[in-house]
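Please open the structure in your viewer and keep the selection panel at hand. The stops below are meant to be taken in order.

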Amino acid sequence: MLRYIIRLDDATPKMNHESWNAVEKLLDKYDVKPIVGVIPDSHDTLFKWEEDPHFWDETVQRWQNKGWTIAQHGYHHVYHDCPNNRRSEFIGLNYDEQKKLIDKGHEALLSHNCRPTCFFAPAHSFDDITVDVCRDSGYFDFISDGYALYPYEEREMLFFPSIFDTPHKILPYGVYTFIMHPSFTSSEDLKYFDSFISKNKEYFKPVPEIMNEISRYRKRSALEKTIGPSISAVRKIRDLIK
């Protein structure tokens, strides 16, 4: 089985609306239904475009009506320093602290009639405690993150992995999530996505359909568990070369 998913990160009232609209138009062209990560209460100064007063009651509702999968993308989308020179909204916080962030984020989304079925943390930065909170809360069907060729279960939570951001053919099998940051997507990026989706549109399926095709209780193989450390090692070597 080969399946592709598009994930859109960093939806917020102060996102780059022109660029987001262009991405949405492209996905509608091929009837691709993405995962869209909505920041419940963004405090991130990176998003400084004009605030859309109708973001919640029109834009997010339109996405939900189209059948897009809504994800809770952290809470404030701000970071604190944590071990190994990483930045995270969650890593290093205890269970109660992380639960408070996720609970408040979830409450904020529900107050806008936004119903997330997925969670993913800013900057792919989360730990076992984050997973445990997501599991115990019962808010989410799955987490969009992790390294594997197919969705898998870990700590009694379903993961839809995301190995690479940029869409490209990897293997003739697997379930791959390709990540876009629409606020910073260039016209060249859009052309590339358009070409890739056009040539591979048969493999793009909504998450609910893929859920019906997979085993929720699949565990990662020993080989799949090496993917994350291998990618990290390559990135460290690349950074040293720079």
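Begin with Leu46, keeping in mind that this is a predicted model: because its relative accessible area is 46%, Leu46 counts as partly exposed. You will find Leu46 in the loop between β2 (35–38) and α2 (55–66). Now add Trp49 and Phe184 to the selection and show the surface, where Leu46, Trp49 and Phe184 form a nonpolar patch with about 280 Å² of accessible area together.

Next, select Ser19, which has its place in helix α1 (residues 17–29). Is Ser19 buried or exposed? With a relative accessible area of 11%, Ser19 is buried, because buried means under 20%. To see what lies against Ser19, leave out the residues up to four places away in sequence and display Pro182, Ser183 and Thr185, which Ser19 touches.

Then move to helix α3 (residues 95–111) and select Ile102, which lies in that helix. The relative accessible area of Ile102 is 0%, so this residue is buried as well. Which residues is Ile102 in contact with, once its neighbours within four places in sequence are left aside? Show the side chains of Gln72, Phe90, Phe119 and Thr130, and then those of Val133, Cys134, Tyr139 and Phe140, since these are the residues in contact with Ile102.

For the last stop, keep Ile102 selected and add Ile179, drawing a distance between the two C-alpha atoms: Ile102 and Ile179 are 22 Å apart in space, while 77 residues separate them in sequence.

Key: Residues are numbered from 1 along each chain as its sequence is written. This is a predicted model: local features need pLDDT of at least 70, side-chain atom pairs count only at pLDDT 80 or more; totals for chains, interfaces and linings use all residues. Side-chain values use heavy atoms; hydrogens and water are left out. Patches are made of residues with over 30% relative accessible area and no salt bridge: like charges are joined within 9 Å, nonpolar side chains (Val, Leu, Ile, Met, Phe, Trp, Tyr) within 5 Å. Accessible areas come from the Shrake-Rupley method with a 1.4 Å probe; for residues, only the protein chains shown count as cover. A salt bridge is a side-chain nitrogen of Lys or Arg within 4 Å of a carboxyl oxygen of Asp or Glu. Helices (H or I, at least four residues) and strands (E, at least two) are DSSP runs, numbered from the N terminus. Buried means under 20% relative accessible area, exposed over 50%, partly exposed in between (1.4 Å probe, protein chains only). Contact means heavy atoms within 4.5 Å.
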